[in-house]
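Please open the model in your viewer and keep the sequence panel beside it, since each stop on this tour begins with a selection to make.

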Amino acid sequence: MALIGGEGFSVTFWTLCDSVKQVKDALMIKSQLGDIKSTLDSLEPLIKEMADCGKELGDQGEELESLRVKMEEGVEIIRKCSKVSRFKKYKYGNRLVELSKALQRLLGILKVQGIRDVKKALVSVRNVGNVVQRIEENRVIQNNQSAKIQGWCAVTEPPTITVGLDVPLRELKMKLFTDGVSMVILTAPGGCGKTTLAAKLCQDAEIKDTFKSNVFFVTVSNKPNLVLIVQELHHRTGAVVPDIQSEVTAVSWLQQFLKQTGQSPMLLVLDDVWTGSEFILEKFDDLKMTDYKILVTSRFAFPRFGSPYHLECLSNADAMALFHHAASLGDRSSYISADLSQKIVERCMGFPLAITVLGRSLCGQPTEIWEKRVLEWSKGSSVLETEHDLLNCLQSSLDDLNEEKPLIGKCFIDLGLFPEDNRIPAAVLIDMWAELYDIHEDISSVINLYELANRSLVNLVLTRKDSKDSDGYYSEHFVTQHDMLRELAIQQMSQESLQQRMRLSIDICGDNLPMWWKEQNYQSFIARLVLISTDEEFSSTWKNLELPEAEVLILNFHTKYYALPEFMKKMDKLKTLVLTSYSTSPTELNNAQLVDSVPSIKRIRLERISIPSISRYPIQLKSLKKISLFMCSIGQGFGNGSMHISEAFPNLVEMNIDYCNDLVELPHQLCDLIQLKKLSVTNSHKLSALPEDIGNLVNLELLRLRCCTDLSELPSSIRNLKKLNLFDISDCVSIKELPEDIGELCNLERLNMQQCSRLNELPSSVLDLARLKEVTCDEETEILWEPFLPYLTNMHVKVVKEEINLNWLHMSHF
């Protein structure tokens with residue numbers, strides 16, 4: 001492998017060339033093959049010349065061997081593509097893209113080697129004067145032609161037509177020129193126009209006036225090579241390209257380059273930076289200089305390098321303008337109705353790439369073809385099934401995630417089950433993933449959501465600013481997902497047959513069950529996660545469905561009265577049950593006692609359910625560890641029926657009650673749940689009293705009473721909660737004093753008491769809170785702690801600015 005003309009390498013190269021020529025017209029992979037063939041054509045004379053001359057690439061041996069293996073894989077991929085059906089060819093698209101990138105790397109290596117050979121030849125010339133003259137002449141030529149160089153660092157020209165980028169361009173410039181900012185991350189999912197916006201920025205008159213010729217555009221891609229980047233930067237300025245042997249040397253050359261070039265303002269665009277490439281950003285960010293700005297485009301937000309700029313999708317008007325251009329409607333617009341164009345644009349969901357791809361594929365086609373495409377979509381077909389360039393673009397982000405963090409990739413696909421255009425409560429995902437993937441720490445599931453958000457695969461919505469505090473309260477965390485990304489998740493699920501899917505989503509309109517269910521074509525499913533949605537016309541008439549492997553069941557419904565499916569009785573592995581009503585008033589369950597037949601249930605979450613309707617039936621769920629009630633009608637539901645809560649849930653560890661506005665008093669029966677470790681009652685504005693025996697909950701580690709605005713006092717028995725670690729009474733505006741013996745909470749470490757506006761003083765026993773580490777409060781309550789600060793030396797007071805929280809007025813995900 002020391003010789004580029006080595007037999008194994010050259011044979012593999014020519015075999016790959018022949019394979020591409022044989023299948024060059026394959027429809028589904030034509031664009032990828034075109035790119036590969038173009039690179040091979042560029043490589044052919046270089047390979048032939050190096051083979052004829054027997055030139056060595058000693059220090060590149062390992063890299064060349066890797067490329068040879070990649071070319072062998074390419075031959076096999078192309079062979080498979082020539083045999084499989086058109087529908088399956090798109091699966092090989094990403095692997096062909098990787099092959100194309102590998103060949104581009106080979107081309108770069110050979111170009112650099114050519115430069116080295118020229119340098120060696122010049123050094124060997126005897127007449128030093130002639131050598132110097134030739135070098136100077138070469139520099140003059142390079143400087144004169146610098147604008148024509150098409151290397152990595154040449155500024156990419158934006159498309160001739162761009163829409164919807166004027167506002168983002170203005171905002172991006174403001175962010176980039178903010179004092180103290182050296183690096184800005186421009187982030188969005190693939191196909192949203194990040195590179196186009198970056199190119200438009202480089203061509204902006206104000207940018208050109210500021211940076212002159214000191215604008216560099218580097219495509220980093222998913223396998224960055226700092227050596228090649230530094231060499232290309234030198235090449236772009238017309239300087240002699242350095243012979244760099246290692247990354248350490250490359251950093252030194254980079255420092256020298258920036259010092260020389262950075263004498264004047266400089267803008268460097270690092271385009272298409274993938275996750276895992278932080279080391280490249282670090283090298284550039286460490287070299288902070290005056291008037292030195294870096295713009296990074298990436299699908300990943302890289303929060304370590306500052307607050308990113310998120311590029312939004314196009315508005316409907318801008319999307320229509322781009323589609324008209326891509327479809328070349330022009331004067332022919334009269335042949336295509338505005339309504340038909342609108343339906344197609346809506347399907348693109350504001351994604352510029354989707355709009356462009358669809359527009360080009362329909363350009364010049366008869367109206368019937370357009371109508372057929374819309375008809376296919378109306379029957380449930382996805383745009384990703386026909387537009388493989390778009391699929392490959394989005395798929396690459398998911399492939400990278402699956403390779404690096406496969407569990408988070410599974411979490412992304414799970415989101416495709418949920419209804420379109422709805423906020424997904426993070427609390428639901430926490431309960432779901434806890435049992436599916438053994439993620440029993442809530443914070444770990446939330447970290448997964450942040451990871452997906454950083455990769456631009458979801459949007460994480462926090463309805464309160466202080467929701468970022470890591471205190472385990474995630475009821476105000478919600479997830480939204482762009483419809484195109486949701487289709488990507490659905491497309492991943494649909495690759496398996498219905499019977500073999502690990503996730504199953506069923507939509508029922510009225511009583512019209514899916515045909516396969518009516519005909520009982522499938523007797524049993526292996527799905528572990530099942531979501532069933534019904535509408536306002538559903539009569540709760542169920543047919544049998546075999547789900548022996550299901551561990552999570554989510555039922556969404558819109559009716560005031562609802563019956564649980566009888567087939568739940570056979571779901572022996574069911575661990576998480578989520579019931580979500582979208583009715584205008586809490587739904588009553590006609591057969592709530594059915595849950596008693598599923599003894600394996602560990603988590604139950606009820607949203608907009610009438611609790612009195614379940615309290616009439618005696619149940620006993622010994623495995624139940626957590627119950628969450630969200631916007632439920634509770635009333636006296638826990639105390640007046642035949643169900644005694646401690647008998648029904650003898651091993652309950654966690655209870656969450658949120659936005660239950662008819663809850664006036666916590667039932668005293670709660671105090672019998674001696675296994676309880678977490679009790680959270682939040683946003684229940686009519687709650688006025690806690691049971692006096694709450695001190696019986698001796699194992700309680702967390703007590704959260706956030707935003708219970710009518711709660712005026714705390715029982716003195718709270719002093720018995722010796723294991724209490726976190727106590728939250730924030731926004732309890734009616735509380736006037738803390739229990740006198742609060743100092744007996746010997747394990748209390750965190751106390752949140754912000755916006756307790758009527759609290760005038762603290763009991764002296766707070767001095768006994770030896771383990772107290774953090775008190776969160778506002779400016780008013782901070783004053784109450786000042787006399788005690790000299791004695792509580794291990795305690796930190798965190799002051800949070802006032803925020804008016806009216807989220808309870810608009811729970812928009814219903």
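The tour starts with the whole chain and then moves through selected helices, strands, a pocket and some loop residues.

**The whole protein**

Begin with everything displayed, bearing in mind that this is a predicted model. The protein contains 25 helices and 23 strands, and buried residues make up 53% of its 814 residues. If you turn on a surface, its accessible area comes to about 36,600 Å², of which 49% belongs to carbon and sulfur atoms. Among the contacts with a separation of 6 or more, 69% are between residues 24 or more positions apart.

**Helix α8**

Select residues 194–202, which form helix α8, and show the side chains of Lys194, Leu197, Ala198, Ala199, Leu201 and Cys202, which are buried. Now add what covers these buried residues, which includes the helices α7 (166–176) and α9 (205–211) together with the strands β1 (183–187), β2 (215–221), β3 (266–273) and β4 (292–298).

**Helix α19 and the sheet with β6**

Move next to residues 426–436, helix α19, where eleven of the eleven residues are buried, so that the helix is largely enclosed by the rest of the structure. The buried residues include Asp431 and Glu435 as well as Trp433, Met432 and Leu436. Just after α19, select Asp438, which takes a positive phi of about 55°.

Then select β6 (424–425) and β7 (459–462), adding β8 (residues 477–480). These three strands form an open sheet in the order β6-β8-β7, with antiparallel pairing. Because β6 and β7 stand at the edges, each with a single partner strand, one side of each is left without a neighbour in the sheet. Four bridges join β7 to β8, and if you label Leu460 you will find its bridge partner in β8, Val479.

**The second largest pocket**

To find the second largest pocket, select Gly380, Arg486, Ile490, Ser505 and Asp507, which lie nearest its centre among the 37 residues of the lining. The volume of this pocket is about 1,100 Å³. Colour α14 (338–348), α16 (367–378), α21 (483–493), β9 (503–508) and β10 (529–534), each of which supplies at least two residues of the lining. By class, the lining has 14 nonpolar, eleven polar and twelve charged residues.

**Two loop residues with positive phi**

Which torsion should you check at Met349? Its phi is positive, about 55°, although Met349 is not a glycine; in general, most residues other than glycine have a negative phi. Met349 sits in the loop between α14 and α15 (352–362), and it is buried, with a relative accessible area of 16%.

Go on to Ser540, in the loop between β10 and β11 (552–557). Ser540 also is not a glycine and has a positive phi, of about 65°, and at 16% relative accessibility it counts as buried.

**Strand β15 and its partners**

Finish with residues 603–607, strand β15, where five of the five residues are buried. Viewed along the strand, Arg603, Arg605 and Glu607 point one way while Ile604 and Leu606 point the other, and all are buried.

Add strand β13 (residues 576–581), which runs parallel to β15 and is joined to it by five bridges; here Leu577 stands opposite Ile604. Then add strand β16 (residues 626–630), which is likewise parallel to β15 and joined to it by five bridges, with Arg605 opposite Ser628.

Methods
Residues numbered from 1 in each chain as written. Predicted model: local features only at pLDDT ≥ 70, side-chain atom pairs only at ≥ 80, totals over all residues. Heavy atoms only, no water. Buried < 20%, exposed > 50% of the residue type's maximum accessible area, 1.4 Å probe, protein only. 1 Å grid on protein atoms, 1.4 Å probe; cavity = no way out; pocket = protein on both sides within 12 Å on 5 of 7 lines; lining within 4 Å. Points joined across faces, edges and corners; volume = space filled by probe spheres on them. Nonpolar A, V, L, I, M, F, W, Y, C, P; charged D, E, K, R; others polar. Contact = heavy atoms within 4.5 Å. Areas by Shrake-Rupley, 256 points an atom, 1.4 Å probe, with all protein chains shown as cover. Pairing = 2+ DSSP bridges.
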